[in-house]
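Hello,

Here is the structure I promised to pass on. Please open it alongside this note, and then read on for what turned up.

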Amino acid sequence: MEEMEGGAENKTFAGLLGTAKKKGDHKKIRKPRYAFQTRSKVDILDDGYRWRKYGQKAVKNNKFPRSYYRCTHQGCNVKKQIQRLTKDEGMVVTTYEGMHSHPIQNSNDNFEHILSQMQIYSTSF
């Protein structure tokens, strides 16, 4: 690390930026993510679970906002993100994070039809 000159003390860049690691710091383990690309006119597809929207933000180089949802079942920590593609406005990308700890709440015959149309693609998060 280079040191900066100035004043009575010398401080490293890491110290100034607050990036110095403290004893006991650990990297957060991320839950598995699964992304589905679906051709749809609506953004929110009925997947049999109940969701609560907790956020939305504009995404760089995309005219459509990304929406964030959590599963409403008590104790279930699954989240999903929904984003419509700019290049192909008919495509919706839904990314699930985590695994549900309960059965499907609203069984729907339509869900089988949706699954058959989904194109799974790999994500590197």
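Start with one pair of residues. Arg-39 sits opposite Met-91, which belongs to strand 7. Keep in mind throughout that this is a predicted model.

That pair leads into the two strands. Strand 3 covers residues 33-39. Strand 7 covers residues 91-97. The two run antiparallel and are joined by seven bridges.

Is strand 3 enclosed or open? It is largely enclosed by the rest of the structure, because five of its seven residues are buried.

Now the overall layout. The chain has two helices and eight strands. In sequence order the pattern is β-β-α-β-β-β-β-β-α-β. So much for the order; next come the contacts. Take those with a separation of 6 or more: 52% of them join residues 24 or more positions apart.

Burial and surface next. The chain has 125 residues, and 30% of them count as buried. The exposed area is about 9,800 Å². Carbon and sulfur atoms supply 50% of that area.

You will probably want to know about the cysteines. The structure holds zero disulfides. Cys-71 is in none, and its nearest cysteine sulfur, in Cys-76, lies 3.8 Å away. Why is there no bond from Cys-76 to Cys-71? At 3.8 Å the two sulfurs are too far apart for one; the cut-off for a disulfide is 2.5 Å. Cys-71 is buried, with a relative accessible area of 7%. Cys-76 is buried too, and its relative accessible area is 7%. Both values fall in the buried class because that class takes in anything under 20%.

Last, the confidence. The average pLDDT of the chain is 74, and 63% of the residues score at least 70. Over residues 1-18 the pLDDT is below 50. That stretch makes 14 contacts in the model beyond near neighbours in sequence. Residues 117-125 also stay under 50. For them the model has 19 contacts beyond four places in sequence. Where pLDDT is low, the predicted coordinates should not be read in detail.

In short, there are three things to look at on screen. One is the antiparallel pairing of strand 3 with strand 7. Another is Cys-71 and Cys-76, with their sulfurs 3.8 Å apart. The last is the pair of stretches with pLDDT under 50, residues 1-18 and residues 117-125.

Best wishes

Key. Residues numbered from 1 in each chain as written. Predicted model: local features only at pLDDT ≥ 70, side-chain atom pairs only at ≥ 80, totals over all residues. Heavy atoms only, no water. Helix = DSSP H or I, 4+ residues; strand = E, 2+ residues; numbered from the N terminus. Buried < 20%, exposed > 50% of the residue type's maximum accessible area, 1.4 Å probe, protein only. Contact = heavy atoms within 4.5 Å. Areas by Shrake-Rupley, 256 points an atom, 1.4 Å probe, with all protein chains shown as cover. Pairing = 2+ DSSP bridges. pLDDT = per-residue confidence, 0-100.
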